[in-house]
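I opened this notebook to keep track of what I looked up, one stop at a time. The entries follow the order in which I turned to each part.

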Amino acid sequence: MEKIMFSLWRPEPQSAAAWRQSLMALHGPLQACGAKQMRVMVVDEAMDKASSQRITFSTDPLDGVISLWVDSTSMLAPIKALIEQHVTRLHAYLVCESEPYPQERKARIERFSTEVPLGQRSPGMCQVALFRKPAGMDFERWMVNWREGHGSKAYPLQSIYGYRQNLVVRPLTLDAPEVHAIVEEQFPAIAIGSADGFYDAQGNEELLRQRQKYMSESVSPFMDFSSLDCILTSFYQVSV
């Protein structure tokens, strides 16, 4: 099985809500093409309060993401053709997904998450970050800095209840910009538009400042900030 992530751009005349529904409606046709475990993440009206938390360095940052699993990327062509009908453009990446720290995830899900049926909006928001490794840093050092140096801090410093590290293996579309990593972090509703909720500081201003500082120090050794596009999205698990 291989995981493909599509970065997507919404057609301008279309509302975010209508676009989201058009992407969700692709479930059946994509499944018929062999797609499994489809997730839809879109910047929509529910994310208006999170606009100040968005960090984008591209002149035209993406509006959403579809991720799915296939038996082989040789199945890409019909899947890509279906999605292309609903976007102004897309880029596709083959990624290797890691979902570390299962015990922390289980504890956070029990605290923050409410199970919802497939196809319904998950609680809170999903932060999606695409970035490159710092120029000149060798791959092994970068992986250690990202996976071991920073990864272990993801749960202690934030209110996340879901954390997926996607290492980009290669681009699957010829014009795709260089990206080395795509991270998905699911946050509870208290994090939308609130630094206090985002960092799980619970009203403690000193703790908030500390966690913001530690987070900045933690991401610096593995992230090229000039390449960072970080969007806040509504998250839908469409199929398993």
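The entries below go from a strand and its partners to the cores, the rings and two buried polar residues.

**Entry 1: strand β6.** I note at the start that this is a predicted model. I began with strand β6, residues 125-132, and found that seven of its eight residues are buried, so the strand is largely enclosed by the rest of the structure. Looking for its partners, I found that β6 pairs with strand β8 (residues 181-187) in the antiparallel sense over seven bridges, and that Val128 has Glu184 as its bridge partner in β8. I also found an antiparallel pairing of β6 with strand β9 (residues 224-237), over six bridges, where Arg132 stands opposite Asp224 of β9.

**Entry 2: the cores.** Which residues have the most contacts inside the largest nonpolar core? I looked them up and wrote down Met125, Phe131, Trp142, Trp146, Tyr163 and Phe222, in a core of 31 residues. Several elements each supply at least two residues of this core, among them β6, α5, β7 (162-171), α8 (205-219) and β9. I then noted a second, separate core of 26 residues, which includes Leu26, Val42, Ile66 and Val87. As background, I recall that nonpolar side chains in soluble globular proteins tend to be buried together.

**Entry 3: Phe131 and the rings.** Setting aside neighbours within four places in sequence, I listed the contacts of Phe131, which include Trp142, Trp146, Val183, Phe222 and Leu228. When I turned to the aromatic pairs, the count came to seven. In one of them, the ring centres of Phe139 and Trp142 are 5.9 Å apart and the planes stand at 55°, so I entered this pair as tilted. Both residues belong to helix α5 (residues 139-150), and because they are three residues apart there, about one helical turn separates them. Is Trp142 buried or exposed? Its relative accessibility is 1%, so Trp142 counts as buried, whereas Phe139 is partly exposed, with a relative accessible area of 40%. Ring pairs link these two residues with Phe131, Trp146 and Phe222 into a cluster.

**Entry 4: charges over rings.** I next looked for charged side chains over ring faces, and found Arg147 over the face of Trp146, at 4.7 Å from the ring centre. Arg89 lies over the face of Trp9, and there the distance to the ring centre is 4.0 Å.

**Entry 5: Arg39.** I moved on to strand β2 (residues 36-42), where Arg39 lies. Arg39 has a relative accessible area of 9%, and because the cut-off for buried is under 20%, I entered Arg39 as buried. Which side chain makes a polar contact with the side chain of Arg39? I found that of Gln237, at 3.0 Å. Beyond its neighbours within four places in sequence, Arg39 is in contact with residues including Lys3, Ile66, Glu97, Glu184 and Tyr236. I also checked Gln165, which is 126 residues from Arg39 in sequence and 15 Å from it in space, C-alpha to C-alpha.

**Entry 6: Asp44.** My last stop was the loop between β2 and β3 (55-56), which holds Asp44. Asp44 is buried too, with a relative accessible area of 4%. Apart from neighbours within four places in sequence, I found Asp44 in contact with Ala16, Arg20, Ser234 and Tyr236.

Notes:
Residues numbered from 1 in each chain as written. Predicted model: local features only at pLDDT ≥ 70, side-chain atom pairs only at ≥ 80, totals over all residues. Heavy atoms only, no water. Helix = DSSP H or I, 4+ residues; strand = E, 2+ residues; numbered from the N terminus. Buried < 20%, exposed > 50% of the residue type's maximum accessible area, 1.4 Å probe, protein only. Contact = heavy atoms within 4.5 Å. Polar contact = N/O pair within 3.5 Å; in protein donor to acceptor, adjacent residues only side chain to side chain. Phe/Tyr/Trp six-rings, centres within 6.5 Å; stacked < 30°, edge-to-face > 60°. Lys NZ or Arg CZ within 6 Å of the ring centre and 35° of its normal. Pairing = 2+ DSSP bridges. Core = buried A, V, L, I, M, F, W, Y, C linked by side-chain atoms within 4.5 Å.
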